[in-house]
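Work through the exercises below with the coordinates open. Each task is followed by a solution in steps.

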Amino acid sequence: MKFVAVTATLVVFGLIFASGLPRCSTLVERKEVGEMSEGEWDVIRAGVTKMHRLGWFIWFSFIHTRFYGKLHTVPIFLPWHRRFIREFEALGQFYTEGFFIPYWDSALDSEDPLANKIFGPQYLGGNGGPDGCVKDGLQKDFRSYFPKTGCLTRRFNGGDRILSWISVESVASTLASAETFNDFRLGIEYGIHASVHNGIGGDMSTANSPNDFIFFLHHSYIDRLWDVWQRMKPENMFSYNDALGKKIDTNQTMELYAQPIKDVLEVGYGSMCYTYGNQNSKDNGKKTLTRRNDSSKISIKTMRKFFPLLANNSGTETPEKRSTEPTPNKDILPMSKNGETGSLEDFMFSHITKHSYADKKTRRNRGGLMPIPARLPDRFLEMHRYNKTEYEVFYNRQVELINTLNREGYKTPF
Ligand SMILES: [Cu+2]
């Protein structure tokens, strides 16, 4: 009797949530770099060092370069990189027990990216020297063998610093305005994704970027943002379309991998056996959230323009009818009643970042205006075959967002 009930439950869940793939029996949790213990860092260091010694970085750099042109500025960008970094992680787990790919929430330090501890000598190290070679951190003695033998390089875009890049607000705007999968993909790929590749420079700004382990931390964050978007509405999970809004058949296999796209769409199923803890977003950050005293407002016009999914319900429903409690597997967005900054903050703290305002205030100057993110140089756009007109439209919108927030007196909690 019990067996029948359990089987029936599994079948129902299978149909609803997994499109036929088995749910993973064990999940490895990918943690944010700021939340990891030193013990966990030791495991990551051991795994990465071993994989480097065995030559795996050559393989990952080669594959990424070999298929580069087919994997970027197109929808497959997200599923392919999900599959790619999962392979790296599975290898790491094979060699080192407890290994996982941390994610690096780079938007948190958008004003001064170098303020993040991962650039310290204890972690991933900083800029390359005059010869471009990285001289400290986990990878200081790493040799690269693809595309040529040499050292691992970084060349920060601001000389000895990294210029301001895409902010949490900008990421929030993409999440809270992307109606389709491809809108989301474009905003993330041209935004925080490209910002970080370009800002770090050296290997990271080329097709052989997987030579730098920071590539995997960065793509883990990009992947987490996709997972967040996928869980925002039930229809997002398996949504996959092109630039014209046309549905793409997810039975197609991905470059290199004899695996259909649909097999990697839902984290936690099939071979995507990891989690970002997004499933219980109720707990994410909220418990440590410290509210500002000066709860500044954003105009309804700005909410509707840049965060439409947070604003589009205002005035149409009674507040009692609206549930703001996230439920398992079906997160409902916190809706704004009157365009208050509070709802945007709730959204950012419950969906995008797990860090609280209180953690950051000691090292942030919150009095100033938000900086405009650095524009990608033409050189970068050309090398990566980005559509210049498309990028221009995207970038101008980010500039307009920041200018509007500054003009309305908005103060970032990050
Ligand atoms: Cu890539």
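**Exercise 1.** Is the crossing of H7 and H8 left-handed or right-handed? Describe the packing of the two helices as well.

Solution. The model is a predicted one.
- Step 1: Two packed helices are described by the angle between their axes and the distance between the axes.
- Step 2: For H7 (residues 181–200) and H8 (residues 214–232), the axes come within 11 Å and cross at roughly 160 degrees.
- Step 3: An angle over 145 degrees counts as roughly antiparallel, so H7 is roughly antiparallel to H8.
- Step 4: The crossing of H7 and H8 is right-handed.
- Step 5: H7 contributes Phe184, Ile188, His193, Val196 and Ile200 to the contact, and H8 contributes Ile214, His218, Ile222, Leu225 and Trp229.
- Step 6: Sorted by type, the residues of this contact of H7 with H8 are eight nonpolar, two polar and no charged.

**Exercise 2.** Determine whether phenylalanine 119 is buried or exposed, and describe its surroundings.

Solution.
- Step 1: Phenylalanine 119 sits in the loop between helix H5 (77–95) and strand E2 (143–144).
- Step 2: The cut-off for a buried residue is 20 or more other C-beta atoms within 10 Å. Phenylalanine 119 has 21, so it is buried.
- Step 3: Beyond its neighbours within four places in sequence, phenylalanine 119 is in contact with Leu114, Leu124, Gly125 and Gly126.
- Step 4: Between the C-alpha atoms of phenylalanine 119 and aspartate 136, which are 17 residues apart along the chain, the separation is 9.2 Å.

**Exercise 3.** What percentage of the residues in the chain is buried?

Solution. Of the 414 residues in the chain, 43% are buried.

How values were computed:
Residues numbered from 1 in each chain as written. Predicted model: local features only at pLDDT ≥ 70, side-chain atom pairs only at ≥ 80, totals over all residues. Axes fitted to C-alpha atoms, helices over the stretch in contact; angles between N-to-C directions. Helix = DSSP H or I, 4+ residues; strand = E, 2+ residues; numbered from the N terminus. Parallel < 35°, antiparallel > 145°, perpendicular 65-115°, else oblique. Left-handed = near helix turned anticlockwise from the far one by under 90°. Contact = placed C-beta atoms within 7 Å. Nonpolar A, V, L, I, M, F, W, Y, C, P; charged D, E, K, R; others polar. Buried ≥ 20, exposed ≤ 12 C-beta atoms within 10 Å, placed from the backbone.
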